[in-house]
Amino acid sequence: MMHTESGRLWNEDLAPTTEAQRNWRWYHFAALWVGMVMCIPAYTLAASLIEGGMSALQAVSTVFIANAIVLIPMLLIGHAGAKYGIPYAVLARTSFGVQGARLPALMRAIVACGWYGIQTWFGGQMIYTLGGVLLGHPLGGDALPGLGINAAQLICFLLFWGIQFWYIFHGMDAIRQLETYTAPLKILICFVLLGWVYQKAGSFGPILDQPSQFAEGGKKAGQFWSSFWPSLTAMIGFWATLALNIPDFTRFAKSQRDQVLGQTIGLPAPMGLLALLAVIVTSATVVLYGKAIWDPVDLASRMTGAAVLVALIILLIDTVSVNLAANLVGPAYDFSALNPEKISYKTGGYITAGIALVMMPWKILETTQGYIFTWLIGYSALLGPIAGILIIDYYFIRRTRIEVAALYQEQGIYSYQNGWNMAAVAAFILGVLPNIPGFLNAAFPASFPDISEIWKTLYTYAWFLGLMLSGVIYLLLMKGKRVA
């Protein structure tokens with residue numbers, strides 16, 4: 001450890017990556033994204049758009065455009081990770097200050113713990129469904145007092161939690177290998193699924209031919225744009241959290257080219273294709289079952305014989321790989337950055353997994369149903385301002401030049417006032433404020449019914465608005481402090 005570095009800001013996991021650790025090639029990044037994209041929540045994204053009145057083509061295009069947009073901050077923020085080998089929680093120190101960086105780190109970590117718990121519950125439910133299929137009857141039982149779920153559900157949840165724990169214990173390389181080996185498998189399964197529904201239904205079903213409800217004479221004629229923008233923001237919100245902590249992955253990149261090429265291949269196109277697949281498969285379920293089935297677990301449980309077994313096992317592997325990459329790596333580093341002396345990356349992972357247990361995700365899902373997603377997407381829209389500040393700071397204030405040693409010093413150029421850069425804090429707060437009324441109305445409509453249309457409209461652009469507003473304010477506040 002260099003004598004200038006403070007143990008309170010530095011540990012092995014937060015230190016810049018060494019040459020030997022930088023072994024991720026472009027195909028690892030592409031596989032990482034294919035692995036993360038192929039997940040149950042992403043599969044059902046297009047569903048919400050079609051239910052909202054879009055045609056199949058409009059829905060798939062919206063998903064694709066959103067991911068092409070979110071790719072931009074991914075590559076911009078990812079650049080710093082690949083150039084300096086530092087994670088997001090350390091990169092945030094350049095703009096928020098060496099102490100202040102804990103604020104954006106914690107904001108990112110909390111939302112990830114929520115997702116981690118919810119995905120772990122989904123995984124447990126799949127094991128539960130699988131058990132029922134293998135035994136030939138559903139696993140029932142009385143709800144346990146205080147928990148509200150039966151013993152079998154609890155065991156399945158803990159089992160899935162344990163599978164993921166193995167990967168936390170074995171670190172980042174185990175996650176990379178899991179993603180790289182399972183990505184081709186997931187693409188193959190998609191084609192198998194397409195073949196299966198086509199053969200069963202004899203056609204790709206009616207949803208594909210349904211005109212958009214926004215077309216002339218449709219139920220919502222002329223309302224396309226008022227539906228498109230909030231949908232686009234929600235789709236961007238889906239990966240907006242990862243746009244922040246993408247340096248946690250790009251710090252292992254062999255070169256800038258590897259991260260740029262890998263992410264560009266891995267994100268927008270596979271996401272658009274998955275949406276298309278979901279639409280086609282669901283369209284065929286209308287022919288097969290008389291109604292649209294958007295939930296892949298529900299669909300898998302209706303298959304017969306070996307098909308159901310294979311389908312559910314694939315969905316399980318899938319949920320593990322997505323959950324670890326999207327919801328564990330980030331908070332593990334973020335918690336480590338709160339107290340580097342005492343918390344390593346692994347310990348940060350244990351904390352995340354522990355919070356996921358304590359929060360009893362099934363209770364959250366049951367009490368708030370859709371609100372949790374309103375809430376989480378709303379929350380990720382609150383992360384837009386942080387992305388704006390990071391991008392402006394790195395490209396406009398620092399011109400991509402960072403004094404790496406100073407990131408780990410309490411009295412360096414990034415200490416500002418007592419370790420806090422108030423310009424970043426102010427820009428963050430001002431970027432969040434305009435979205436609060438709309439957010440409250442979306443999350444708690446009963447308590448906040450009388451929010452004016454202006455706020456609601458602003459909220460539909462929450463991520464864009466926060467990113468632009470905070471970025472501009474930060475640039476103005478930091479004027480004259482440009483660092484050569």
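This passage walks through two helices, the empty spaces and a salt bridge of the structure above.

The structure is a predicted model, in which local features need pLDDT of at least 70 and side-chain atom pairs count only at pLDDT 80 or more, while totals for chains, interfaces and linings use all residues. Residues are numbered from 1 along each chain as its sequence is written, and side-chain values use heavy atoms, with hydrogens and water left out.

A good place to start is with the helices, which, like strands, are DSSP runs numbered from the N terminus (H or I and at least four residues for helices, E and at least two for strands). Helix α4 covers residues 56–84 and reaches 43 Å from its first C-alpha to its last, close to the 42 Å expected at 1.5 Å a residue; the expected span is 1.5 Å times one less than the number of residues. A kink of about 25° in α4 is centred on Gly-78, the bend at a residue being the angle between axes fitted to the seven residues ending there and the seven starting there. Just after α4, Gly-85 has a positive phi of about 70°.

Helix α7 gives another picture. Its 51 residues would span 75 Å as a straight helix, yet its end C-alpha atoms are only 38 Å apart. A kink of about 125° in α7 has its centre at Gly-171. At the N-terminal end, α7 is capped by Asn-150, with a side-chain oxygen 3.2 Å from the backbone nitrogen of Ala-152. Beyond the other end, Gly-202 follows just after α7 with a positive phi of about 80°.

Turning to empty space, a cavity is a set of points on a 1 Å grid over the protein atoms alone where a 1.4 Å probe fits but cannot get out; a pocket is an open set with protein on both sides within 12 Å along at least five of seven lines, and lining residues have an atom within 4 Å of a point. Grid points are joined across faces, edges and corners, and a volume is the space filled by probe spheres set on the points.

The second largest pocket has a volume of about 440 Å³. Its lining comprises 22 residues, with Ile-189, Leu-193, Ala-311, Ile-314 and Leu-315 nearest the centre. Elements that give two or more residues to this lining include α7 and α13.

Three cavities of 30 Å³ or more are counted, and the largest holds about 130 Å³. Among the residues lining the largest cavity are Trp-115, Phe-238 and Asn-327. Helix α8 gives the most to this lining, with four residues.

Finally, there are six salt bridges (a side-chain nitrogen of Lys or Arg within 4 Å of a carboxyl oxygen of Asp or Glu). One of them joins Asp-258 to Arg-25, with the closest N and O atoms 3.4 Å apart. Because Asp-258 lies in helix α10 and Arg-25 in the segment before α1, the pair ties together parts that are 233 residues apart in sequence.

Key: Polar contact = N/O pair within 3.5 Å; in protein donor to acceptor, adjacent residues only side chain to side chain.
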